[in-house]
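Please open the model in a viewer and keep the sequence panel visible. The tour proceeds by selection, from the whole chain to individual residues.

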Amino acid sequence: MSALAEPAGGVLVQGITGRQASWSVREMVRYGTRIVAGVVPGKGGVEHEGVPVYDLTADAVRATGATTAITFVPGPAAGEAMVEAIEAGIRLIVCPGDGIPIADALRVRRAARAAGAVLVGPNTPGVIMPGCWKLGFMPSDLYIPGPLGVISKSGSLSYEVCWRLTRVGIGQSTVMGIGGDPIKGTGVLDALRLFDSDRDTAAVLVLGEIGGFDEYQVLDHALRDAAKPVGVFLVGRTAPRGRRLGHAGALIGSARETFDAKAEALRQAGVPLAETLEDVIPMVRRLLDRTACNDGG
């Protein structure tokens, strides 16, 4: 899928010797991801989990040709690590970590956009192309290959929904957790554009929630003639105003960030909307049926 195709040059892991990174590397390799390097300042020259470790990201890129990075670096230092990756020529960066200062997140996002790189996160479970590779720590057995792209701000919600899709035989082309922080490298509209260019994706499911304005970006996408069918599952109907739920982005700060306001805007625009888990499967089947009809199937 364009910028999210299988990492041809291999993946480097920033902060590879940490506990979360070590576990994730084992799981990613087991799933088929090609990890070619780790980066930890001061630990260059050793191997960890069978992967050579370098002091600097630029050194790892020169030695291995890595084109993709996943960053397991503590929040206060993660921004600098990601900028280092961008300056070294990395063009896809996934950042699972949270606690990244907003100023740092803004700086990394600006740097990524200026370089034409794709930044997924922070605070994301990652990206998975079922049956091929994954960059993150999502439970691998919840997914099967198929035609549905999935975009989610919430990791746990994506696990639940994809497990239900898989149980009824609806596979996924790519599942992208865009992250729950207010400042994201890739927003909903950015992700939808990536799926529009992916030949393996027939339709897209956006898993939305209260807080922020990402769900309104679906409306901009739906107005495009070449846009693929997209539906939204929205959660948070009974959430109390002013209380953060789950992660930093799930906070109602204005009237437009409520469940009712988002649901009404989506309905008015004619975007298919599921308001309960039980509604998701029938809605997705209708989306995929639309694509089959449009293709003459």
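Helices (at least four residues) and strands (at least two) are here DSSP runs, numbered from the N terminus. With that convention, glycine 97 can be placed in the loop between strand S6 (92–94) and helix H4 (102–115); the tour will return to this residue. The model is predicted.

**The whole chain**

Begin with the entire protein chain, which has nine helices and 14 strands. Its C-alpha trace spans about 55 × 45 × 30 Å along the principal axes. A compact globule of 297 residues would have a radius of gyration near 19 Å, and the chain agrees, because its own value is 19 Å. Buried residues make up 54% of the 297 residues. Among contacts with a separation of 6 or more, 72% join residues 24 or more positions apart. A surface display would show an accessible area of about 12500 Å², 52% of which belongs to carbon and sulfur atoms.

**The seven-stranded sheet**

Next, select the open sheet of seven strands, with the order S3-S4-S2-S1-S5-S6-S7 and mixed pairing. Strand S3 (47–48) and strand S7 (118–120) are the edge strands, each pairing on one side only. Then restrict the view to S1 and strand S2 (residues 35–39), which pair in the parallel sense over four bridges. Within this pair, leucine 12 stands opposite alanine 37 in S2.

**Glutamine 14**

Remain on strand S1 (residues 11–14) and select glutamine 14. Is this residue buried or exposed? Glutamine 14 is buried, because its relative accessible area is 2%, against a cut-off of under 20%. Display its side chain together with that of threonine 57: a polar contact of 3.0 Å joins the two. Beyond four places in sequence, the residues that glutamine 14 touches include Val39, Ile70, Phe72, Met82 and Ala85. Ala81 is also one of its contacts, and serves as the next selection.

**Alanine 81**

Alanine 81 lies in helix H3 (residues 75–87). Its relative accessibility is 11%, so alanine 81 counts as buried. Setting aside residues up to four places away in sequence, alanine 81 touches Gln14, Thr71 and Val73. For a distance across the model, select the C-alpha atoms of alanine 81 and histidine 48: they are 33 residues apart along the chain and separated by 19 Å.

**Glycine 97**

Move now to glycine 97, in the loop that follows S6 and leads to H4. With a relative accessible area of 21%, glycine 97 is partly exposed. Outside its neighbours within four places in sequence, glycine 97 is in contact with Thr71, Pro122 and Asn123. Add glycine 121 to the selection: the two glycines are 24 residues apart in sequence, yet 8.0 Å apart from C-alpha to C-alpha.

**Helix H8**

Finally, select helix H8 (residues 259–268) and colour Phe259, Lys262, Ala263 and Leu266, which are buried. These four lie on the same side of H8, because they cover an arc of only 100 degrees around the axis. Which elements cover this buried side? The cover includes strand S12 (203–209), helix H7 (217–222), strand S13 (230–235) and strand S14 (273–274). Rotate the view to the face turned away from the buried side, where Asp260 and Gln268 are exposed. The last stop is glycine 270, just after H8, which takes a positive phi of about 80 degrees.

Note on methods:
Residues are numbered from 1 along each chain as its sequence is written. This is a predicted model: local features need pLDDT of at least 70, side-chain atom pairs count only at pLDDT 80 or more; totals for chains, interfaces and linings use all residues. Side-chain values use heavy atoms; hydrogens and water are left out. Buried means under 20% relative accessible area, exposed over 50%, partly exposed in between (1.4 Å probe, protein chains only). Contact means heavy atoms within 4.5 Å. The arc is that of the directions from the helix axis to the C-beta atoms. A polar contact is a pair of N or O atoms within 3.5 Å; within protein, one must be able to donate a hydrogen and the other to accept it, and residues adjacent in sequence count only if both atoms are side-chain atoms. The radius of gyration is taken over C-alpha atoms; the globule rule is 2.2 Å times the number of residues to the power 0.38. Accessible areas come from the Shrake-Rupley method with a 1.4 Å probe; for residues, only the protein chains shown count as cover. Two strands pair if DSSP finds at least two bridges between them.
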